[in-house]
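Here's a protein to explore together. Keep the 3D view open and follow along as we go from the whole chain down to single residues.

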Amino acid sequence: QPVRSQGGFRLYTADDAERVRRMRRGLDEGLSAAEAARRALTEVRPVEGLLDDARRRLLAAVSVYDEAAVHTVVDEALAGFALETVLGELILPALRELGERWQLGELEVAQEHFASNLVRERLLGLARLWGRGVGPLAILSCAPGERHDIGLIAFGLLLRSHGWRILFFGADTPVETLEGAVASNPARLVVVASADAPRLEAERAGLRRLAGAAPLVLSGPGASEELCAELGVERLDGELVAAVAEVARRA
């Protein structure tokens, strides 16, 4: 039976043994060590309840502004699970829950900002040097006025795990800046994200020019099907890991 981690130490579990077996199988199939390890980590189902427990601990730490405890939860999750699992089943769901609690008046805006800033800092730490390499280039940005870029960072981290290079502009990026970047950095993909439809709709002309210069997709709740159809661009939506896998598959 799997054993839960205790006292900050992660104990050897049945899933660990299965990961080792899967990694050896991947090596036998001719995969590199890194590829075999990634496959082994992503194919094994997480230990039942561990990430639910981690999410509860993370939310509890945020409620009392305990920075050290937040980092501990994230450290343990990254040590025990694949990055896509940590992002898709711990960090992003926790941030969504924090946002919902804030909207219901159950959480102070300061607590939501505290959590977002800590998580953003940790994810950007993982993103160090993600622009290096020889893989296809993706340029990632938020629409002008859009400040929330954590989902975009998560997308970039997972795309990087598929061998892509990332040029990240982040929040509140003028479309003209992206046009200049594309001119000097030929990109296989340009993503512009926004949670607010009017922010994207206000940039129709610039986005149309950008779509003529590089493969463009719009992302986030603000990316309506109508606007994407009007501009002749794709809409990136759905579950994060699946969306990244689809983009990587078509590269």
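What follows is a short tour of this model, starting with the overall picture.

**The whole chain**

First things first: this is a predicted model. The protein has 12 helices and 5 strands. Of its 251 residues, 42% are buried. Now take the contacts with a separation of 6 or more: 69% of these are between residues 24 or more positions apart.

**Strands side by side**

Let's look at β4, which covers residues 216-219. It pairs with β3 in the parallel sense over 4 bridges, and with β5, also in the parallel sense, over 3 bridges. To get from β4 to β5, the chain crosses through helix α11 (residues 225-231), and this β-α-β crossover is right-handed. On the β5 side, R235 stands opposite L218.

Which way do the side chains of β4 point? L216 and L218 go one way, V217 and S219 go the other, and all of them are buried. That fits a general pattern: in a regular strand, side chains alternate between the two faces of the sheet.

**Three residues up close**

Time to zoom in on three residues.

| Residue | Where it sits | Relative accessible area |
|---|---|---|
| T173 | loop between β2 (165-170) and α8 (175-184) | 4% |
| A193 | strand β3 | 12% |
| R101 | helix α5 | 28% |

Is T173 buried or exposed? T173 counts as buried because its relative accessible area is 4%, and the cut-off for buried is under 20%. Skipping residues up to four places away in sequence, T173 touches S141, C142, A143, P144 and L178.

A193 is buried too, because its 12% also falls under 20%. Find A193 in β3, then look across to β4, where S219 is its bridge partner. S219 also turns up among the residues that A193 touches outside its sequence neighbourhood, along with S141, C142, A143, E146 and L152. There's a long hop along the chain to spot here as well: A193 and G222 are 29 residues apart in sequence, yet their C-alpha atoms are separated by 7.6 Å.

R101 is a partly exposed residue, because its 28% lies between the 20% and 50% cut-offs. Beyond its neighbours within four places in sequence, R101 is in contact with L59, E106 and L107. You can also look for E112, which is 11 residues from R101 in sequence and 9.0 Å away, C-alpha to C-alpha.

**The largest pocket**

Now hunt for the largest pocket, with a volume of about 1,300 Å³. It is lined by 35 residues, and the closest to its centre are H148, I150, G151, L152 and P221. You've met L152 already: it's one of the residues that A193 touches.

Which parts of the chain build the lining? Helices α5 (83-103), α6 (109-126), α7 (150-161) and α12 (240-250) each supply at least two residues, and so do strands β3 (189-193) and β5 (234-236). Some of these names should ring a bell: α5 is the helix that holds R101, and β3 is the strand that holds A193.

What is the mix of residue classes in the lining? The lining has 13 nonpolar, 11 polar and 11 charged residues.

Methods
Residues numbered from 1 in each chain as written. Predicted model: local features only at pLDDT ≥ 70, side-chain atom pairs only at ≥ 80, totals over all residues. Heavy atoms only, no water. 1 Å grid on protein atoms, 1.4 Å probe; cavity = no way out; pocket = protein on both sides within 12 Å on 5 of 7 lines; lining within 4 Å. Points joined across faces, edges and corners; volume = space filled by probe spheres on them. Nonpolar A, V, L, I, M, F, W, Y, C, P; charged D, E, K, R; others polar. Buried < 20%, exposed > 50% of the residue type's maximum accessible area, 1.4 Å probe, protein only. Contact = heavy atoms within 4.5 Å. Pairing = 2+ DSSP bridges. Right-handed = clockwise from strand over helix to strand, strands pointing away.
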